[in-house]
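Thank you all for making time this morning. I would like to walk through one structure with you, going from strands to core to cavity, and finish with a helix.

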Amino acid sequence: MSLTCYDYLKASEKRNGNFPAVIAFGCKTSLTKLMRDIDSLAGYINSIGIGDGDAVTVFLPTVIHAFTSFYALNKIGVIANIVHPLTSPDALKEIMITTSSKAVFILDILAADYADVINDCGIPCIICSNSDYVSPLMVPAFKVFEKKKSVGIDRYKNSIKYSQALIKGHSVKTVDCHDGEKTAVYLHGGGTTGKSKTIMLSGANINAIADKLEPLDIPGLKPGRECSLVVLPMFHAFGLAVAMHYPLTHGYTLLPMPQFSAESANKLMRKHNITFILGVPNMFRKMYEEKHFAGQHLKNLRLVFCGGDFLPERFVKEFNKKIAEYGGKGKLFRGYGLTEVG
């Protein structure tokens, strides 16, 4: 029987040990802490009567909660219905009804406009906050910012804070699923027709992508010594399987960027040992044209993959030449893969 994505991550934890799994807003979250939160979150979802074969909507940008919710749902056989976080309220409602979603994860600073449609669906809402994964000293500043951005969130009729869900689910014994052939995610794309369609991928499919990436990688440093810049969202296979699942299960520290900025991305490359980056052509072009792109940090790059749109050969040569100028052996590679088949 094939492993689920959760089991695949669990096996990698035994292999790699504990290390900083994610760095967000300058704060580190260890793999041990991440796994503990995943287990607690799975416990909470099970405790409210949601289990194997059900679907839960993950309506989040590229934040830690998008990672934990995916693996928590996968652990207990719940299908993660991952939706673009800028989807309109009416479109979100339609997708949740179509997929028979039993609950939804949403970020507080984006949640106010969706209260009515989620209340209409009558499902529980787990409200996530960026302050959930920052140091206690930073929490007050985040609370002020989040309060300004989430006016109207009190209109949710059936909601719970993510932090409270972790507490409630901590001691719950979960009913786990270990069948990787079952559907793990619903993803949504227009394809060539322009009409949104629901795409189903199994855990085995997502794990196979990670397995096929491994031969392209070069054994690097010890787990936690290399970083992956995670800009791509989780609602496409490229972001879910390649940007998040592969590096996390192979010892990389993830640096999620909920909103891309070329300046911020280049600053992160200077600050951290980033060796793994995935993106779309426009993202790489903006990074290349930003004044702080060049520097010794380019030597660290090993895996640089680009997809999602046309990538001119001229730009590939310019980009790779700049990396080589600083002694880097990494090269920008084109990637192509339909979300329908990962």
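Before I turn to the sheet, a word on pairing: two strands are said to pair if DSSP finds at least two bridges between them. Please also keep in mind that what you are looking at is a predicted model.

With that in hand, strands β5 and β6 run parallel and are joined by 4 bridges, and one of the pairings there sets V104 against its bridge partner C125 in β6. Strand β5, which spans residues 101–107, is also joined by 4 bridges to β3, residues 55–59, and that pair again runs parallel; here V58 has F105 as its bridge partner in β5. As for how covered β5 is, 6 of its 7 residues are buried.

Let me stay with F105 for a moment, since F105 is among the residues with the most contacts inside the largest nonpolar core, a core of 69 residues in which F70, I82, V185 and M244 are the others named for their contacts. Leaving out residues up to four places away in sequence, F105 touches L41, I45, V56, T57, V58, F59, L60, S69, L73, I126 and C128. There is also a second, separate core, this one of 25 residues, and its members include M269, C306, V316 and L332.

I126, which we have just met as a contact of F105, lies in strand β6, residues 125–128. Is I126 buried or exposed? Its relative accessible area is 0%, and because anything under 20% counts as buried, I126 is placed among the buried residues. Setting aside neighbours within four places in sequence, I126 is in contact with Y44, I45, A103, V104, F105, I106, I160 and Y162. The C-alpha atoms of I126 and T57 are separated by 10 Å, although the two residues are 69 apart along the chain.

Now to a second group of strands. Strand β8, residues 183–189, has 6 of its 7 residues buried. On one pairing, 2 bridges join β8 to β4, residues 79–82, in a parallel arrangement, with N81 standing opposite Y186. On another, β8 runs antiparallel to β9, residues 197–202, and 6 bridges join them; there L187 stands opposite I199.

That brings me to empty space. Rolling a probe the size of a water molecule over the atoms shows where empty space is left. How many cavities of 30 Å³ or more are there? The count comes to 1, with a volume of about 70 Å³. The residues lining this cavity are T4, N74, G77, V78, C177, D179, G180, K182, T183, A184 and G203.

Of these, N74 is the one I would single out, and N74 sits in helix α3, residues 64–75. N74 counts as buried, at 6% relative accessibility, and beyond four places in sequence N74 touches T4, C5, Y6, C177 and A184.

Finally, helix α11, residues 262–271, where A262, A265, N266 and M269 are buried. Seen down the helix axis, the buried residues of α11 fall within an arc of 95°, so they line one face of the helix. What covers these buried residues includes β10 (227–230), β12 (274–279) and α12 (281–289). M269, you may recall, also appeared in the second core.

How values were computed: Residues are numbered from 1 along each chain as its sequence is written. This is a predicted model: local features need pLDDT of at least 70, side-chain atom pairs count only at pLDDT 80 or more; totals for chains, interfaces and linings use all residues. Side-chain values use heavy atoms; hydrogens and water are left out. Buried means under 20% relative accessible area, exposed over 50%, partly exposed in between (1.4 Å probe, protein chains only). The arc is that of the directions from the helix axis to the C-beta atoms. Contact means heavy atoms within 4.5 Å. A nonpolar core is a set of buried Ala, Val, Leu, Ile, Met, Phe, Trp, Tyr and Cys residues joined through side-chain atoms within 4.5 Å. On a 1 Å grid over the protein atoms alone, a cavity is a set of points where a 1.4 Å probe fits but cannot get out, and a pocket is an open set with protein on both sides within 12 Å along at least five of seven lines; lining residues have an atom within 4 Å of a point. Grid points are joined across faces, edges and corners, and a volume is the space filled by probe spheres set on the points.
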